[in-house]
Amino acid sequence: MAVSNGTAGMSSTDAAAYTRAVLDIAIRVTEVLFTNGAGAEDAVAAMQAVTHAYGLRNIEADITHTLISLSWENPATYETISRSRNVKYRTLDYHKLTRATELIGRIIEDPPTVPDARRQVAAIVGGAPAYPRALRRLGWALVGTGAALLLGGGLIVAAASFVATLFIDVITSALQKRRVPVFYQSVVGGAIGPLVAAVVYTLDPRVNPSLVVVATIIMLLAGVTTFGAVHDTLSGFYVTGTARLVEAVLITSGLVAGVLGATLLLARFGIVLQIDGAMAPTISGLPMQLIAAVIIVFGFGFAVQVPLRAFWAVCALGAAAELFYSLLVGTEVGIVFSSAGAALAVGLLAAIVVLVVRVPPLVVVVSALIPLVPGLALFQGLLQVADADINGLMSLLSAAAVAAALAAGAILGQYLVQAVLGPARKLQRRFVGPLMALPIQLGRKKVHEHTDRV
């Protein structure tokens, strides 16, 4: 690991300018990680690693849901230089996340000059998307199509789900441009599924239109920040974890309001949506379920701009997740433990896969687990609530438990691997949770700490 000699030999004015530039590099590249789903511990570790590579010690890094702050104290004069940035937007762009991770890796191994590093950060922040908007919208539509097929829908239902999820993406994107709060975006998106389902029922009463609703629920829940909330909470960043959990609850509440409102409206016109017991995954339908899982992950990869070199990996792990889940459900251990077990297996396998495809573990793990999003349990709970059935609350809690189990299981898998084999200690001083969005170097090769004084 190459480390700069920092401000040694500089005048006080030059040293201050150098320090501000390094802090700016660290905080801006960290912002890319954090706004694209990385955990708070990854963000803090990134800031510490970047500043350490440029020779700065006595760094204090902190992060909340909306603010990233970084400060350096001059040990000679006790002067403090600080930088902070407000987190104004959140999205899932795994192309930018991967580029930021690669830049951090280069800085750790052989830091470029400060001006060059600033240019590289600016290129990442202002860079064009990896895939055109039309392809990303097609990706979201494929998520809905695969979700319908996963639950046994035919061609009509799959086509309707494709149209519904495509329409949802167009509408919610337009609302986002107009700065409509995300809650109302979720309400509108949730209401579209039942309305399209009603059209399907009108065209062909023999099909099960509820599958369209479940498909849209899975598509809308795919971007919810449950994974980051659980990661932050387990890592000890309780403020950030709680804030992310509140955000996830807010988005889900909007989805619930939209779906439930549209479902009740349709009931007034005699169109009653129901959950069919055959919709649950079964061993006999495993081949189609695996194909559907691959379609979901493939579409999600385009939607969130997974690097092309990692597509085969996320699709393979998505199929593996569905396989493990179906086998565990067959043992009657319950959907929560089945979800946790499948996620644990994905977390363990991802540790090997990421070394081949050279992307952060977060990209592979989150993408692979999308087919297990609890859309069916959530919709079942909503229908029960609409019928004033108290069991609906239990179904909603079950859906929440599945979401938490998916995140916790995958994080545990990464924790076990990194606790035994790594990651490189130069990335993280304290080892609480696993690193999910930084370059991982498995192996117990000792990393020598540099004791240069600034």
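How much accessible surface does the protein chain have, and what share of that surface belongs to carbon and sulfur atoms? Hello everyone, and let me answer that straight away: the accessible surface comes to about 19200 Å², and 64% of it belongs to carbon and sulfur atoms. Please keep in mind throughout that this is a predicted model.

Let me start with the overall picture. The protein chain has 454 residues, and buried residues make up 53% of them. Its secondary structure comes to 16 helices and 3 strands. If you take the contacts between residues at least 6 apart in sequence, 73% of them join residues at least 24 apart.

Now, the strands. S1 covers residues 59–63 and S2 covers residues 67–73; the two run antiparallel, joined by 5 bridges. Together S1 and S2 make a hairpin with 3 residues between them. If you'd like a spot to look at, find aspartate 62, which stands opposite serine 69 in S2. S2 also runs antiparallel to S3, residues 80–86, and here 7 bridges do the joining. On that side, isoleucine 68 has arginine 85 in S3 as its bridge partner. S2 and S3 form a hairpin too, with 6 residues between them, and tyrosine 78 in that turn has a positive phi of about 60 degrees.

On to a helix I'd like you to see, H5. Residues 133–150 make up this helix, 18 residues in total, and it reaches 26 Å from its first C-alpha to its last, close to the 26 Å expected at 1.5 Å a residue. Its buried residues include Gly139, Trp140, Val143 and Gly144. What covers them? Among the elements covering the buried residues of H5 are helices H6 (155–177), H8 (210–221), H11 (286–303) and H12 (311–330). After H5 comes glycine 152, with a positive phi near 95 degrees.

Next, the aromatic rings. Across the whole structure, a search finds 7 aromatic pairs. One of them joins tyrosine 131 and phenylalanine 302: the ring centres are 5.2 Å apart and the planes sit at 75 degrees, so this pair is edge-to-face. Why does this pair tie together distant parts of the sequence? Because tyrosine 131 is in the loop between helix H4 (114–125) and H5, while phenylalanine 302 is in helix H11, the pair connects parts that are 171 residues apart in sequence. Tyrosine 131 counts as buried at 10% relative accessibility, and phenylalanine 302 is buried as well, with a relative accessible area of 12%.

Tyrosine 131 has another edge-to-face partner, phenylalanine 311, at 6.3 Å centre to centre with 90 degrees between the planes. This pair also links distant parts of the chain, with tyrosine 131 in the loop between H4 and H5 and phenylalanine 311 in helix H12, 180 residues apart. Both of these residues are buried. Put Phe298 into the picture and you have one aromatic cluster, formed by Tyr131, Phe298, Phe302 and Phe311.

Last stop, the core. The largest nonpolar core has 130 residues, and those with the most contacts inside it are Tyr94, Phe227, Phe300 and Leu369. Helix H1, residues 12–35, gives the most to this core, with 12 residues. Which residues does phenylalanine 300 touch? Leaving out residues up to four places away in sequence, they include Leu92, Tyr94, Val366 and Ile370, along with Gly139, Trp140 and Val143. Those last three are among the buried residues of H5, which brings us back to the helix from earlier. Thanks for listening!

Definitions and conventions:
Residues are numbered from 1 along each chain as its sequence is written. This is a predicted model: local features need pLDDT of at least 70, side-chain atom pairs count only at pLDDT 80 or more; totals for chains, interfaces and linings use all residues. Side-chain values use heavy atoms; hydrogens and water are left out. Two strands pair if DSSP finds at least two bridges between them. Helices (H or I, at least four residues) and strands (E, at least two) are DSSP runs, numbered from the N terminus. The expected span of a helix is 1.5 Å times one less than its number of residues. Buried means under 20% relative accessible area, exposed over 50%, partly exposed in between (1.4 Å probe, protein chains only). Contact means heavy atoms within 4.5 Å. Accessible areas come from the Shrake-Rupley method with a 1.4 Å probe; for residues, only the protein chains shown count as cover. Rings of Phe, Tyr and Trp (its six-membered ring) pair if their centres lie within 6.5 Å; planes under 30 degrees apart count as stacked, over 60 as edge-to-face and the rest as tilted. A nonpolar core is a set of buried Ala, Val, Leu, Ile, Met, Phe, Trp, Tyr and Cys residues joined through side-chain atoms within 4.5 Å.
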